[in-house]
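Visitor: Please take me through one part of this model in close detail. I would like the cut-offs behind each term as you go.

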Amino acid sequence: MTAELARSAARLRASDDDREAVVEQLREAAAEGRIDLDELNERLELALTAKTYGELAPLTDDLGGPAAQSTGEPLVLRGGIHGVQRKGAWQVPPRLVVHGGIGGAHLDFSRTECRLRVIEVEVEGQMGGARIVVPDGWGVDTDALDPALGGLKSKVTGERAPGAPLLRLSGSCGVGGVRIRRPGLRERRRKQ
């Protein structure tokens, strides 16, 4: 991720769910003894009044864990000619950059064990596009995703379950488009 992209991500407006995820992590840190009650109260006040990701990130950066998502390199997946896929029980990083290429990209989160609150996915659909399978209860935010020529088709409905991850997509759908859905019968059987 370039420095410019990181700066623009820090300027994005935070949602109530984003603030609540930080509050939850701060409370967990206090319960584990990593911060004292005075520091907890100070950070909670800042978290509840934060307007952007840039204001939220410093509150948890020194705690590690799920909310420290502004550090580290993203996982880059390139579809190329033959496509790329992630499925099964794979380790979900806080940030992904997905290039559909010609063969497309397929991300199946239905069998992952994910403790992250927010997963940032930058999509460049290109010719092959991207197909994303999201477990029940997970939230999906596509507000920063440009539909381009291929468009966005999402079958994900329903509320985000408390404590469940939020998949935040940005970038462009390209010519191939981006398709998002819940697990089908086949994925549900594999999970059992």
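Is W90 buried or exposed, and what is its relative accessible area?

Guide: Happy to help, with a short note on the model before the residue itself. This is a predicted model, where local features need pLDDT of at least 70, side-chain atom pairs count only at pLDDT 80 or more, and totals for chains, interfaces and linings use all residues. Residues are numbered from 1 along each chain as its sequence is written, and side-chain values use heavy atoms, with hydrogens and water left out.

W90 is buried, at a relative accessible area of 10% (buried is under 20%, exposed over 50%, partly exposed in between, with a 1.4 Å probe and protein chains only). Its ring forms a tilted aromatic pair with F109, the centres 5.2 Å apart and the planes at 40 degrees (rings of Phe, Tyr and Trp, the last by its six-membered ring, pair if their centres lie within 6.5 Å; planes under 30 degrees apart are stacked, over 60 edge-to-face, the rest tilted). W90 sits in the loop between β2 and β3 and F109 in the loop between β4 (105–108) and β5, so this pair ties together parts 19 residues apart in sequence (strands are DSSP runs of E, at least two residues, numbered from the N terminus).

F109 is buried as well, with a relative accessible area of 0%. F109 forms another tilted pair, with W138, at 5.5 Å centre to centre and 45 degrees between the planes. Because W138 lies in the loop between β6 and β7 and F109 in the one between β4 and β5, this contact ties together parts 29 residues apart in sequence. W138 is buried, as F109 is. The structure holds two aromatic pairs, and W90, F109 and W138 form one aromatic cluster.

Now to the strands that these loops link. An open sheet of five parallel-paired strands runs β2-β4-β6-β10-β8 (two strands pair if DSSP finds at least two bridges between them). Its edge strands are β2 (84–86) and β8, each pairing on one side only. Neighbouring strands here are turned by 5 degrees against each other on average, direction ignored (axes are lines fitted to C-alpha atoms, and angles run from 0 to 180 degrees between N-to-C directions).

Within this sheet, β10 (residues 178–181) has V178 and I180 on a covered face, and R179 and R181 on an uncovered one. Strand β6 (residues 130–133) runs parallel to β10 and is joined to it by four bridges, with V133 opposite R181. Strand β8 (residues 152–154) pairs with β10 in the parallel sense over three bridges; L152 has V178 as its bridge partner, and K153 stands opposite R179.

A further open sheet of five strands, again with parallel pairing, has the order β1-β3-β5-β9-β7. Its edges are β1 (75–78) and β7 (139–146), each pairing on one side only, and its neighbouring strands are turned by 15 degrees on average, direction ignored. In this sheet, β3 (residues 95–99) runs parallel to β5 (residues 118–124) and five bridges join them; H99 has E124 as its bridge partner in β5.

Finally, V175 is found in the loop between β9 (166–172) and β10. V175 counts as partly exposed because its relative accessibility is 46%.
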